[in-house]
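This report is meant for someone meeting the structure for the first time. It begins with one pair of residues and widens from there to the rest of the chain.

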Amino acid sequence: LAIDGPLRGEPSGFTPRGGELRELVERRVSELTAYQGLGYARRYAETLCRVHAAEQERAPGHTELTEAVARELFKLMAYKDEYEVARLHLDAVERAKVRAEFGDDVKVWFNLHPPLLRALGLKRKLKLGRWFLPAFRALRAMRRLRGTRLDPFGYAKVRRTERALIGEYDAIVAEALTLLTPETHATAVELCELPDVVRGYEEIKLRNIVLFRKRSEALRKRLRAGKPAPVLP
């Protein structure tokens, strides 16, 4: 992986060498820039630089660990909150796809089930028309509040847990790099791929996070013991 300068400029200056890995990283850097901003994307890129440097030093010729962190850190950082749902509904490319498939006069409805209203007892989704687009634009503009004290959605349990999980994964990656050897490489990759189990929304996602934490602790113990991954029959 190579960086043009110390990441003071656009994240697009982040230029990993190698076909699939380069595409994997560049696409996600661009997405995180749109998701939150340059600083957020820079954090992601800098983590991948550290991972790639360590992997090439301690397990030369391998990129599986860098690829795992590229996929899973992105997944955790780009969690689908209210701001991201609004941004995606306003995405020009997606809206063009809908018009191309159904015609310019297509009627679009948004089926939403806001966590706040759900907590107040609303059992069904709300069906909203295009008149709701200004609200989406306002939410998209408010994404800078994400994770701050002024974030009106950030106090929900699932949002607090999603934010905490990013830090937990950073710590897992840091430990994996510290203990990385050719013998522990496969275990480190398995450990860093674990966020793949964190799927679903709300309570389903929270249950899967518990599963992630349980499995990660077992793999961290194996990593600390310096044991190679078991060979499957």
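## A pair within one helix

Glu 162 and Arg 159 both belong to helix α8, where they stand 3 residues apart, or about one turn of the helix. The model in which they are seen is a predicted one, and in it the two side chains form a salt bridge whose closest N and O atoms are 2.9 Å apart. The side chains of Glu 162 and Arg 159 are also joined by a polar contact of 2.9 Å.

Are these two charged residues buried or exposed? Glu 162 has a relative accessible area of 5%, and because buried means under 20%, Glu 162 counts as buried. Arg 159, at 7% relative accessibility, counts as buried as well. The helix that holds Glu 162, α8, runs over residues 157–178.

## From helix α8 to helix α4

Arg 159 also takes part in a salt bridge with the side chain of Glu 82, with 3.2 Å from N to O. This pair links distant parts of the chain, since Arg 159 is in helix α8 while Glu 82 is in helix α4, residues 82–89, and the two are 77 residues apart. Both Arg 159 and Glu 82 are buried.

Two further pairs relate helix α8 to residues that come earlier in the numbering. Val 158, which lies in helix α8, is buried with a relative accessible area of 5%, and the C-alpha atoms of Val 158 and Asp 81 are separated by 9.6 Å although the residues are 77 apart along the chain. Arg 163, also found in helix α8, has its C-alpha atom 8.2 Å from that of Leu 76, with their positions 87 residues apart in sequence. With a relative accessible area of 28%, Arg 163 is partly exposed.

## From helix α8 to helix α10

Which side chain does Arg 220 meet in a salt bridge? The partner is Glu 175, and the distance from N to O is 2.7 Å. Arg 220 lies in helix α10, residues 202–224, and Glu 175 in helix α8, so this salt bridge ties together parts of the chain that are 45 residues apart in sequence. Arg 220 counts as buried at 17% relative accessibility, and Glu 175 counts as buried, also at 17%.

Salt bridges that share partners join Glu 82, Arg 159, Glu 162 and Lys 205 into one network. Arg 220 appears again in a backbone comparison with Ile 172: the C-alpha atoms of these two residues, 48 residues apart along the chain, are separated by 8.0 Å. Ile 172 lies in helix α8 and, at 2% relative accessibility, counts as buried.

## A positive phi in helix α10

Most residues other than glycine have a negative phi. Glu 202 has a positive value, with phi near 50°. This residue lies in helix α10, and at 23% relative accessibility Glu 202 counts as partly exposed.

## A positive patch at the surface

Where the salt bridges described above bring opposite charges together, another feature gathers like charges. Arg 99, Arg 130, Arg 137 and Arg 140 form a positive surface patch. Among these residues, Arg 130 lies in the loop between strand β2, residues 126–128, and helix α7, residues 133–141. Arg 130 has a relative accessible area of 45% and is therefore partly exposed.

## The chain as a whole

How many helices and strands make up the secondary structure of the chain? There are 10 helices and 2 strands, and when read along the sequence they follow the pattern α-α-α-α-α-β-α-β-α-α-α-α.

The chain has 233 residues, of which 39% count as buried. The count of salt bridges comes to 16, and the pairs described in this report include the one between Glu 162 and Arg 159 within helix α8, as well as the one between Arg 220 and Glu 175.

Key. Residues are numbered from 1 along each chain as its sequence is written. This is a predicted model: local features need pLDDT of at least 70, side-chain atom pairs count only at pLDDT 80 or more; totals for chains, interfaces and linings use all residues. Side-chain values use heavy atoms; hydrogens and water are left out. Patches are made of residues with over 30% relative accessible area and no salt bridge: like charges are joined within 9 Å, nonpolar side chains (Val, Leu, Ile, Met, Phe, Trp, Tyr) within 5 Å. Accessible areas come from the Shrake-Rupley method with a 1.4 Å probe; for residues, only the protein chains shown count as cover. A salt bridge is a side-chain nitrogen of Lys or Arg within 4 Å of a carboxyl oxygen of Asp or Glu. Lys and Arg count as positive and Asp and Glu as negative; His and the chain ends are not counted. The place of a charge is taken as NZ of Lys, CZ of Arg, CG of Asp or CD of Glu. Helices (H or I, at least four residues) and strands (E, at least two) are DSSP runs, numbered from the N terminus. Buried means under 20% relative accessible area, exposed over 50%, partly exposed in between (1.4 Å probe, protein chains only). A polar contact is a pair of N or O atoms within 3.5 Å; within protein, one must be able to donate a hydrogen and the other to accept it, and residues adjacent in sequence count only if both atoms are side-chain atoms.
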